[in-house]
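User: I'd like to go through this one and check what sits behind each label. Can you show it to me first?

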Amino acid sequence: MKKVLVANRGEIALRIMRSLKEMGIKTVAVYSEADRKAPHVRFADEAVLLGPPPSSESYLLIDKIIEASKKLGVDGIHPGYGFLSENGIFAEKVKEAGITFIGPSVKAIEMMGNKLAAKKAALEYDVPMLPGTPDAIKDKKEAEKIAAKIGFPVLIKAAAGGGGKGMRVVQKAEELSEQMDRAVSEAQASFGDGSVFLEKYVAAPKHIEIQVLSDSHGNHLYLFERECSIQRRHQKVVEEAPSAILTPEKRKQMGEAATRIARACEYTGAGTVEFLMDENQDFFFLEMNTRLQVEHPVTEMITGVDLVKEQVRIARGEKLSFMQDDLKITGHAIELRIYAEDPSNNFLPDIGKLHTYRTPDGPGIRVDSGYEEGMDIPVYYDPMIAKLSVHANTREEALAKMLRAIDDYKIEGVRNTLSFGKFVMKHEAFISGKFDTGFVPKYFTADKLEESIEDGMLAAAILSAHIKNISKSSSSSKNNVATQSSAWSKRREKR
Ligand code: MV4
């Protein structure tokens with residue numbers, strides 16, 4: 001493989017191209033009109049303009065990306081995450097064009113893209129699953145029977161779904177019919193496929209996923225777990241590796257279950273098997289993501305494995321160069337996703353210019369960022385600005401490092417979730433490891449956000465000006481407290 005096109009943007013395009021460059025592979029970026037000045041475009045050896053800012057007119061244009069690849073003599077395409085990464089048609093067309101798709105086979109993508117097909121495979125390979133229906137539900141009579149057998153509450157899920165879309169909790173039999181109608185129409189509207197199935201509902205589970213690597217010679221390894229329970233509305237915010245609560249035995253059981261799933265779909269490349277864990281620490285297969293995940297850095301930090309390089313080696317047909325027993329967990333890693341969203345205003349997305357943008361530094365700190373000071377955060381794409389990851393010997397040290405790194409991260413001009421990250425890191429439930437997917441709704445309200453150090457200093461300055469005013473008995477409008485504090489609140493509004 002001599003030249004690879006990265007069909008993505010932002011931090012992940014940059015992260016992938018860094019590894020490619022270290023492997024001596026030439027890189028080709030693609031970009032939209034909104035990303036002309038983006039770092040991933042500058043980093044690449046060559047770059048191709050795809051079209052106007054909306055994804056549907058740029059990053060999702062399958063044929064245009066393949067045409068450009070052929071023209072530039074590209075022999076591999078890496079899809080990153082999101083966009084075309086789990087699109088079977090794209091993977092198929094890349095292959096037809098004689099280009100290597102750096103990812104799993106079309107068969108594996110399609111099998112795991114359908115939750116029911118994935119569960120069938122899991123069942124055959126003896127992977128623990130929640131009680132539920134093996135097939136899509138056709139009529140309500142059948143649904144009632146099965147729900148009664150499973151026992152309420154039950155969850156209706158879309159077969160084509162994922163990420164929580166089309167999910168409906170049913171607390172009692174009387175609600176089943178209405179919720180079925182809603183789930184089917186939601187699934188039809190979102191995925192063009194109205195098939196749904198039932199599962200026993202687990203209230204407040206933990207979300208733990210296993211990283212797997214599979215080569216084309218039938219070797220399947222697990223690179224341990226990532227704990228991803230800190231989410232809001234199915235958007236992950238904090239991930240860590242290893243989990244604070246898994247025993248070595250449980251870790252091995254989950255890892256081996258994950259590699260059985262990989263075997264079941266003859267997986268190749270890097271993949272993630274998601275599990276729910278209940279309060280008894282029993283785990284259940286949820287779904288498999290057939291891509292490199294956003295949160296992969298925490299796994300890289302604790303294993304020392306570069307997952308992108310492994311993806312490339314596997315795509316070239318090489319055997320994995322290590323075995324399960326060679327893999328060890330070293331230390332503890334935590335990742336915080338920083339979004340251009342206002343945590344004090346219901347996480348309303350924000351856009352605009354990064355007037356100040358300075359990232360933290362030092363041993364054990366990794367920043368995966370697609371932006372630089374002075375750049376605009378566009379409206380068209382995911383609101384994630386960057387990922388801040390830390391690695392230390394122990395979880396406690398990693399937490400302390402994360403808090404220091406958050407304080408050293410300076411963002412002005414765009415409201416962001418740094419302060420929310422600080423709230424999580426300082427929360428007793430997070431510190432103790434006793435948390436689940438209900439963490440954010442259970443504990444977070446906007447008034448729990450600390451003011452930033454600068455705001456604190458500004459407040460002190462205003463207070464001291466106020467005291468001077470009083471002692472001088474002066475009340476010129478310039479030094480008037482009301483004017484000052486309104487300037488302060490304006491400042492607060494801008495971040
Ligand atoms: C569940 C569940 C409880 N019981 N399935 C949400 C996204 C999709 N991947 C599966 N999800 C869930 N499935 C059963 N049978 C709770 C969730 C869930 C969840 C899962 C992982 C991480 C965060 C979550 C937040 C809410 C609900």
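Here is a run through the labels and their cut-offs.

Analyst: This is a predicted model, where local features need pLDDT of at least 70, side-chain atom pairs count only at pLDDT 80 or more, and totals for chains, interfaces and linings use all residues. Residues are numbered from 1 along each chain as its sequence is written, and side-chain values use heavy atoms, with hydrogens and water left out.

User: What makes S1 and S2 a pair?

Analyst: Strands (DSSP E runs of at least two residues, numbered from the N terminus) pair if DSSP finds at least two bridges between them. Four bridges join S1 (residues 3–6) to S2 (residues 26–32), so they count as a pair, and they run parallel. In one of the bridges, leucine 5 has valine 28 of S2 as its partner.

User: Which strands are at the edges of the sheet?

Analyst: The open sheet has five strands in the order S3-S2-S1-S4-S5, with parallel pairing. S3 (46–51) and S5 (100–101) are the edge strands, as each pairs on one side only.

User: Why are H5 and H6 called roughly perpendicular?

Analyst: Roughly perpendicular covers 65 to 115 degrees. The axes of H5 (residues 106–113) and H6 (residues 115–124) cross at roughly 100° and come within 5 Å, so the label fits. Met111, Met112 and Gly113 of H5 make the contact (heavy atoms within 4.5 Å) with Lys115, Ala117, Ala118 and Ala121 of H6.

User: How do you know that glutamate 199 makes a polar contact with the ligand?

Analyst: The cut-off for a pair of N or O atoms is within 3.5 Å. A ligand nitrogen is 2.8 Å from a side-chain N or O atom of glutamate 199, so the pair qualifies.

Note on methods: Axes are lines fitted to C-alpha atoms, for helices over the stretch in contact, and angles run from 0 to 180 degrees between N-to-C directions. Angles under 35 degrees count as roughly parallel, over 145 as roughly antiparallel, 65 to 115 as roughly perpendicular and the rest as oblique. A polar contact is a pair of N or O atoms within 3.5 Å; within protein, one must be able to donate a hydrogen and the other to accept it, and residues adjacent in sequence count only if both atoms are side-chain atoms.
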